[in-house]
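Reader: I would like a close look at a single part of this protein, followed by an account of how that part relates to the rest.

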Amino acid sequence: MKKSVYVRFSVHTLREILPLIASSRDSGFYYLHGRLVGVSSIRLRTYTHDCTTCHHCGLEATHFAVERQKNDPGFHLNIYGLNDNGHEVMFTSDHIVPKSRGGSKSSLENRQCLCTKCNQRKSNKTEEELCLTSTLIAC
């Protein structure tokens with residue numbers, strides 16, 4: 001099993017966190033279990049704008065976690081779902097038209113919710129290229 005690069009501090013429901021993200025502004029920070037966490041990033045706003053279901057495999061997000069990378073003092077939110085085996089799968093804010101193909105970095109209209117496994121399979125392909133070259137497997 002792959003070792004996590006994150007240190008987890010707390011877990012929160014979607015119902016608890018999504019309203020904070022939706023109501024935040026560009027500098028939105030909240031204290032969650034004593035940790036100052038930013039909630040206004042475009043990555044997080046994808047989940048309120050788009051949804052909390054992977055567009056490719058249909059995996060549903062179930063919870064947020066306040067985490068930090070092992071050698072980084074800053075805290076952030078990651079969103080996770082549980083696969084059929086009960087293992088956590090992280091979600092990502094994917095660029096529909098990849099940045100390497102001229103897609104907008106900051107537009108919510110160019111973002112979609114994908115689980116990490118589907119995002120890795122998609123790589124820098126467009127949706128049309130992906131449909132022609134692969135079949136996605138459930139996570």
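Which residues of helix H2 are buried? Please start there, and then move outward to the surrounding elements.

Author: The model is a predicted one, and what follows should be read with that in mind. In helix H2, which spans residues 42–49, the buried residues are Ile42, Leu44, Thr46 and Tyr47. Their cover includes helix H1 (14–23) together with strand S3 (35–38), strand S4 (61–69), strand S5 (76–82), strand S6 (88–95) and strand S7 (111–115).

To place the helix in the whole, the protein has four helices and seven strands, and from the N terminus on its elements follow the order β-α-β-β-α-β-β-β-β-α-α. Of its 139 residues, 39% are buried. Among contacts between residues at least 6 apart in sequence, 56% join residues at least 24 apart. The accessible surface comes to about 8100 Å², with 53% of that area belonging to carbon and sulfur atoms.

Several of the strands that cover H2 also belong to a sheet. Five strands form this open sheet, in the order S1-S4-S5-S6-S7, and the pairing is antiparallel. Strand S1 (6–13) and S7 stand at its edges, and each has a single partner strand, so one side of each is left without a neighbour in the sheet. From one strand to the next, the twist averages 40 degrees. Within the sheet, S5 and S6 run antiparallel and are joined by three bridges, and leucine 82 stands opposite glutamate 88 in S6.

Two residues allow a closer view of these strands, one of them being tyrosine 80, which lies in strand S5. Tyrosine 80 has a relative accessible area of 6% and is therefore buried, the cut-off being under 20%. Leaving aside neighbours within four places in sequence, tyrosine 80 is in contact with a set of residues that includes Tyr6, Arg8, Ala65, Val89 and Phe91. Its side chain also makes a polar contact of 2.8 Å with the side chain of glutamate 67. Tyrosine 80 and glutamate 60, although 20 residues apart in sequence, are 8.4 Å apart in space when taken from C-alpha to C-alpha.

The other residue is aspartate 94, which lies in strand S6 and, at 4% relative accessibility, counts as buried. The side chain of aspartate 94 makes a polar contact with the side chain of lysine 122, at 3.2 Å. When residues up to four places away in sequence are not counted, aspartate 94 touches Asn110, Arg111, Gln112, Leu114, Asn119, Lys122 and Glu127; of these, Lys122 is the partner in that polar contact.

A last point concerns the cysteines, since the structure holds zero disulfides. The sulfur of cysteine 51 has its closest cysteine sulfur in cysteine 113, and because the two are 5.1 Å apart they are too far from each other for a bond, given that a disulfide requires sulfur atoms within 2.5 Å. Cysteine 51 is partly exposed, with a relative accessible area of 24%, and cysteine 57 likewise counts as partly exposed, at 25% relative accessibility.

Definitions and conventions:
Residues are numbered from 1 along each chain as its sequence is written. This is a predicted model: local features need pLDDT of at least 70, side-chain atom pairs count only at pLDDT 80 or more; totals for chains, interfaces and linings use all residues. Side-chain values use heavy atoms; hydrogens and water are left out. Buried means under 20% relative accessible area, exposed over 50%, partly exposed in between (1.4 Å probe, protein chains only). Contact means heavy atoms within 4.5 Å. A polar contact is a pair of N or O atoms within 3.5 Å; within protein, one must be able to donate a hydrogen and the other to accept it, and residues adjacent in sequence count only if both atoms are side-chain atoms. Accessible areas come from the Shrake-Rupley method with a 1.4 Å probe; for residues, only the protein chains shown count as cover. Two strands pair if DSSP finds at least two bridges between them. Axes are lines fitted to C-alpha atoms, for helices over the stretch in contact, and angles run from 0 to 180 degrees between N-to-C directions.
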